Amino acid sequence: MNRSDLIVFVTELARRQFVRRQVLADTFVDASRLTTMTRLCEMCVQSARQACLLQSPRFSDVGRSVVIRRAAEEAKKEIAGAGHLGPLSASALADTLDTLVETLSPFGDDAGPIHEWLLAQEPAGGKLQQLGLLYGHYRRFCRAATAADTRDINAAILRLLSGDRARWPHLLQSLQGSLIFRSIRWLNPFEEKLVAALKTQLGDARVQVASALPPAHAEKIQDRLASRIQADVMMGAGD
């Protein structure tokens, strides 16, 4: 381990296991150079607030649940029993919306175009369009509550890391060596864009991603995905 590097672990457990292995090997461990993805994001959130990139307070779990429930009730009134989501109760719509919010949150600002795409889908009153309507009510209530959900926070972090490095957290500003993301099994869309932004700012050579899985696993998944895409294309060609 180079003492000028910063190592980011996907979980606290992975960080502790790394420290344990280093100690058992009688190796010096500078814990200040080890952090987790969650801590890194929290530091970025603080810096984003200082840079006025994020001004609304974070949603509490209770506040988020209340907004989701209210949005579901409003959507149920508008849908009025029609379409694919029409038969669902307000509680079922709230569960559907909760899943949709979790799915779109990692996309940050890119969730906006996805939402517009959902609303533009035909037929009118179809499942995709009604999901867009449901999500639109949720975002309207978020704005009315002047609170930031995960989508807003992720977007602010990406804007921070894509901008002036003088606004970054001190731990990143003072980085002399490499930034290493270690024990990675997969990255969600937000984490992929976070790594990409850092690579753009610091250079490919200084930002490294170390997978926790063997190369053979990636090759197997790649072959499986290629086969699935080929099958979908062939099915489409036969329509």
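Arg39 is partly exposed in this predicted model, because its relative accessibility of 39% falls between the 20% limit for buried residues and the 50% limit for exposed ones. The model is a prediction throughout. A salt bridge links Arg39 to Glu12, with 3.1 Å between the closest N and O atoms. Since Arg39 belongs to helix H2 and Glu12 to helix H1 (residues 12-24), this pair ties together parts of the chain that lie 27 residues apart in sequence. Glu12 is likewise assigned to the partly exposed class, at 22% relative accessibility. The pairing does not stand in isolation: Glu12, Arg15, Arg16 and Arg39 are joined into one network by salt bridges that share partners.

Helix H2, which spans residues 37-50, also contains Ser47. In contrast to the partly exposed Arg39, Ser47 is buried, because its relative accessibility is 7% and the class requires a value under 20%. When residues up to four places away in sequence are set aside, the contacts of Ser47 are with Leu160, Arg167, Trp168 and Pro169.

In total, 12 salt bridges were counted in the model. Side chains of opposite charge can pair when their charged atoms come close. One of the salt bridges joins Lys193 to Asp110, and here the closest N and O atoms are 2.6 Å apart. Lys193 is located in helix H9 (residues 189-202), whereas Asp110 is found in the loop between H4 and helix H5 (111-119), so the pair connects parts separated by 83 residues in sequence. Both partners are partly exposed: Lys193 has a relative accessible area of 34%, and Asp110 has a relative accessibility of 33%.

A further salt bridge, between Glu74 and Lys77, has its closest N and O atoms 3.7 Å apart. Both residues lie in helix H3 (residues 61-79), and because they are three residues apart, about one helical turn separates them. Glu74 is partly exposed, with a relative accessible area of 28%, while Lys77 is exposed at 61% relative accessibility.

Packing between helices was examined for H4 (residues 90-104) and H6 (residues 127-145), whose axes come within 10 Å and cross at roughly 80 degrees. Helix H4 is therefore roughly perpendicular to H6, as the crossing angle falls in the range of 65 to 115 degrees. On the H4 side, the contact involves Leu93, Thr96, Leu97, Leu100, Val101 and Leu104, which meet Leu131, Leu134, Tyr135 and Tyr138 of H6. Of the residues in this contact, nine are nonpolar, one is polar and none is charged.

At the level of the whole chain, 10 helices and four strands are present. Their order along the sequence is β-α-β-α-α-α-α-α-α-α-β-α-β-α. The C-alpha atoms occupy a box of roughly 65 × 50 × 30 Å along the principal axes. Of the 239 residues in the chain, 40% are buried. Among contacts with a sequence separation of 6 or more, 73% are made by residues 24 or more positions apart. The accessible surface of the chain amounts to about 13,700 Å², and carbon and sulfur atoms contribute 54% of that area.

Terms used
Residues numbered from 1 in each chain as written. Predicted model: local features only at pLDDT ≥ 70, side-chain atom pairs only at ≥ 80, totals over all residues. Heavy atoms only, no water. Axes fitted to C-alpha atoms, helices over the stretch in contact; angles between N-to-C directions. Helix = DSSP H or I, 4+ residues; strand = E, 2+ residues; numbered from the N terminus. Parallel < 35°, antiparallel > 145°, perpendicular 65-115°, else oblique. Contact = heavy atoms within 4.5 Å. Nonpolar A, V, L, I, M, F, W, Y, C, P; charged D, E, K, R; others polar. Buried < 20%, exposed > 50% of the residue type's maximum accessible area, 1.4 Å probe, protein only. Areas by Shrake-Rupley, 256 points an atom, 1.4 Å probe, with all protein chains shown as cover. Salt bridge = Lys/Arg side-chain N within 4 Å of Asp/Glu carboxyl O.
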